[in-house]
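I opened this notebook page to record what I looked up about how two chains meet, and about a few backbone details elsewhere.

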Amino acid sequence: MTTIFFATDIHGSDICWSKFLNAGKFYNADQLILGGDMTGKAVVPFIHQGGSNYRITLLEQVFDVSTEDELTDMKKRVRSRGYYPYMTTPDEIAELEKDPQRVSEIFLAEVLKVVQQWMELADKKLEGTGMTVYCCPGNDDMDEVDEIVRSSRSVVLAEGQVTSLKSGHEMIASGWSNRTPWDTHREEDEDQLKVRYDAMTSQLKDPHNAIFNIHVPPYKSNLDEAPELDENLRPKMAGQSMKPVGSTALRRSIEEVQPLLGLHGHIHEGRGVSRIGKTLCINPGSMYEQGTLLGALVRLGKRKVEDYVLTTG
Amino acid sequence: MSNLFVRKATGLVRSWSVMDAFIYALFSINLITLGLYSFSQMYYFEGGMVNALIISAIFIFFEVVVYAALISVMPRSGGDYVWQSRILGGAVGFILAVTGWWFILWLWVPLYGDMFRHIVLVPLLGVLGAKETALWFAGTQNGAFTASLITLGIVSLFIVLGMKTYARIQKFSFYGGMLGLLIVIVLLLTGSPEAFKAGLESNAASMFGTGAGLYDQTVSLGTEAGAITPFAGGSLALVFLVIPYMVFFNLWPNWGATLYGEVRGATDFKRNMAGMGSALGITTLLGIVLLYAIRNTIGWDFYVQAGAAWWNYAWGFTDVTPALPVWPYPALLASFLTTNKLVQFLVVALMSLWWFGWCATVFLSSTRVIFAAAFDRLLPESVAKLDERTGTPVNALLLMVVPSVVVAYLFNYNLLNFQTLTLCSTLVIAVTFLGTTISAIVLPYTKPDLYRSSPIAKYNVLGIPLITVAGVIFGGFLVYLLYQWIFDPNLLYGIGISNTNSILYMLGNYVLAAVIYFGFKAYRKSKGIDLGKVQAEIPVE
């Protein structure tokens, strides 16, 4: 019997990353698995107002800070929500408005800096615990993230690999997604995804006992219901109009291979469980902005899922 | 935050509009279904109806603040269940939310069914000339039970069709229903009491076979039934006694709170508040206008007396059948101002959309709570299973439909005095709201990090967090309502400690929820999973 803790889509939230690293001990789990989308979605400018004063706009609220303690506290708040604080000046803001390339560079630098810090924290916290984190960056994560993860002693980059867990279960992993309206870093057409999955599943020695750690959920699994959007990316019908947006290639692959367990994310509001044939598929959802780590605790027995529960930490 | 600093990433959609939230909340506090149904039952109170409408709306505005704030702090599906379980603990969250959003909604089914027959079936059948069928639905227990079963069928169909289709139905119903209401108000504002009286006598006779002197007989029966509620006025104390009944209609601008969380952008406190608040304000205003229009042409005294005559018989206080053998539905009464059958049909058909746009709310929230409980392993996994072909949550639906049939049977045939339980449907949900309100009051103090990083952190009143202030005011209001309902010192509501069946029914619901929670918790523990930890916060350091 082994217990897996799985979480996903923490999108740059420092609190969620720290909680994730502590989750093994907290839940008595034997194995930590992280789905994709580790990186945050926005930079928050801290605009220097002269002296020790800064103005910050967070979630449409304007904050003025004037002391070192307030500044530190505000940075922590911004980071805990998954955003990246960036110290700047009114002049630089004006320049950046005209220079999107420079903004991208700033973004990349901030993202990589935080991923580096996260890997260092993981190495420090997990050292001597015997615990390893398996992760695969998701469609929102830039390619440059991979190298930093590879350099970690305690976090294993599982993308495109067949990994043997301590429990003996084989796991395939991928953060690539089917096409989205946002044209993100790792997305491709369904036929290409199928090739990607087949390349891994063909290597499985015991497919029915395997784990699929795939960022996207399978199509029409009830784990992939997202608000239907109009041409301005605004939810239709007050967000009541939901539609399945998961991967058809993944669904086909699960139907063919019938692995033991599917671990998914990508659709934050798709929290739930679903069975496709004999395969238990889980999407723990995401509440990274509130600093809450949603997860799934799965107890695996001999060739079967003994029990599972979705957690709210 | 400038869009300049937002990068390409999935899920960065723009927030929903105030209009979206407004429509949702407007249908939740439904002036036509819940409003007119409630107003007609409140004939024996001495406080002014309009005064109660306004004062209750003022208090309920603080409910809007509480829920808009909680949505913006924790915008997730599940609403009350999530907030209470995260702030007050898993047992409190489960027992209050499951009882309030699942079990008690079984009792709402015959109420929805009753409104269905009075607002949709009877007036449409009457206008179409199907007199016998209309009267069968209006005046027999078999008709009432059948209406409940048809309601279950329609709601189940909407669930099967899916949220997308239902959202379209709702939007169409909103515009059609509003047009119908406008026509009704214009008819009532341009008519005269004399024209109404003549129209009532002739149309009721042709549609429902009533005899001469219907108007006067109704006045007489209503007066004997104790119809006294004034249009406005009355002391503050008397008005406050009307409010515990009034909230059966208007306590629900937050009904969609469990769904708001599924929409990105729901962290926008002001937008959420504007949507729910404007629905509350406009519904209150429309209510006043409609009641004024009713007074103008139907006549206030006659309106209250007609309601009294109907309910006095329906509730079994008299054996004398009402002279008007159908519920005095103001839209139907307004259509009596014309003899044009097409206009009459148009009015009642458009007004029936208020019911169709609203009816699925009885199952939407409940099935979400059932899902949430199943995800937390407090119900069997099969409960959350969806039908592969239709995507219908068949088992969750059965957990609503089957008990609802039993409750509808007990209610419509008034077994075990079940019809006196009507206001229990509100009491139990108010208890759930009280749990959520307490969660809101303590949130800034028990979850300071979560609160400080939320969009509502900047709103304070004299240094006290707005969510706490609003929570104390609304919580006080709920405590007042619960006191009146449970202790019922003036014997006005009939669901308190003097009604043993009512107390047993409600306690039974809570005990059932507790048995499920503690039973499944023990079962999961035996399987090696500690459910006590699934809601606990993981230490950060």
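Entry 1, the interface as a whole. I began with the area, since the size of an interface is often given as the accessible area lost when the parts come together. In this predicted model, chain A and chain B bury about 6500 Å² between them, and 55% of that area is on carbon and sulfur atoms. I then looked up the contacts by residue and found that 74 residues of chain A touch 63 residues of chain B.

Entry 2, polar and charged pairs. How many salt bridges are there between chain A and chain B? The count is five, and the one I looked up by name joins Asp307(A) to Arg524(B), with 3.2 Å between the closest N and O atoms. For polar contacts between the two chains I noted 18 residue pairs, both residues of a pair being at pLDDT 80 or more.

Entry 3, the chain A side. I listed the elements that give two or more residues to the side of chain A that touches chain B, and they are the helices α1 (14-27), α2 (68-80), α3 (90-97) and α4 (100-126), together with the strands β3 (43-48), β15 (272-276), β17 (294-301) and β18 (304-312). The largest share, seven residues, comes from α1(A). Sorted by residue type, this side of chain A holds 31 nonpolar, 24 polar and 19 charged residues.

Entry 4, helix α4(A). I checked the length of this helix against expectation: at 1.5 Å a residue its 27 residues should span 39 Å, and the end C-alpha atoms are 39 Å apart, so the two values agree. After α4(A) comes Gly128(A), which has a positive phi near 85°.

Entry 5, positive phi in chain B. I looked up two residues other than glycine, namely Arg377(B), with phi near 65°, and Asn414(B), with phi near 50°. Arg377(B) belongs to the loop between α17 (361-375) and α18 (394-412) of chain B, whereas Asn414(B) sits in the loop that runs between α18 and α19 (424-446) of chain B.

Is Arg377(B) buried or exposed? I noted a relative accessible area of 6% for Arg377(B), which is under the 20% cut-off, and therefore I entered this residue as buried. Asn414(B) has 28% relative accessibility, which lies between the 20% and 50% cut-offs, so I entered Asn414(B) as partly exposed.

Notes. Residues are numbered from 1 along each chain as its sequence is written. Chains are lettered from A and ligands numbered from 1 in the order in which they are written. This is a predicted model: local features need pLDDT of at least 70, side-chain atom pairs count only at pLDDT 80 or more; totals for chains, interfaces and linings use all residues. Side-chain values use heavy atoms; hydrogens and water are left out. Contact means heavy atoms within 4.5 Å. Buried area is the accessible area (1.4 Å probe) that two parts lose on being put together, summed over both. A salt bridge is a side-chain nitrogen of Lys or Arg within 4 Å of a carboxyl oxygen of Asp or Glu. A polar contact is a pair of N or O atoms within 3.5 Å; within protein, one must be able to donate a hydrogen and the other to accept it, and residues adjacent in sequence count only if both atoms are side-chain atoms. Ala, Val, Leu, Ile, Met, Phe, Trp, Tyr, Cys and Pro count as nonpolar, Asp, Glu, Lys and Arg as charged, and the others, Gly among them, as polar. Buried means under 20% relative accessible area, exposed over 50%, partly exposed in between (1.4 Å probe, protein chains only). The expected span of a helix is 1.5 Å times one less than its number of residues.
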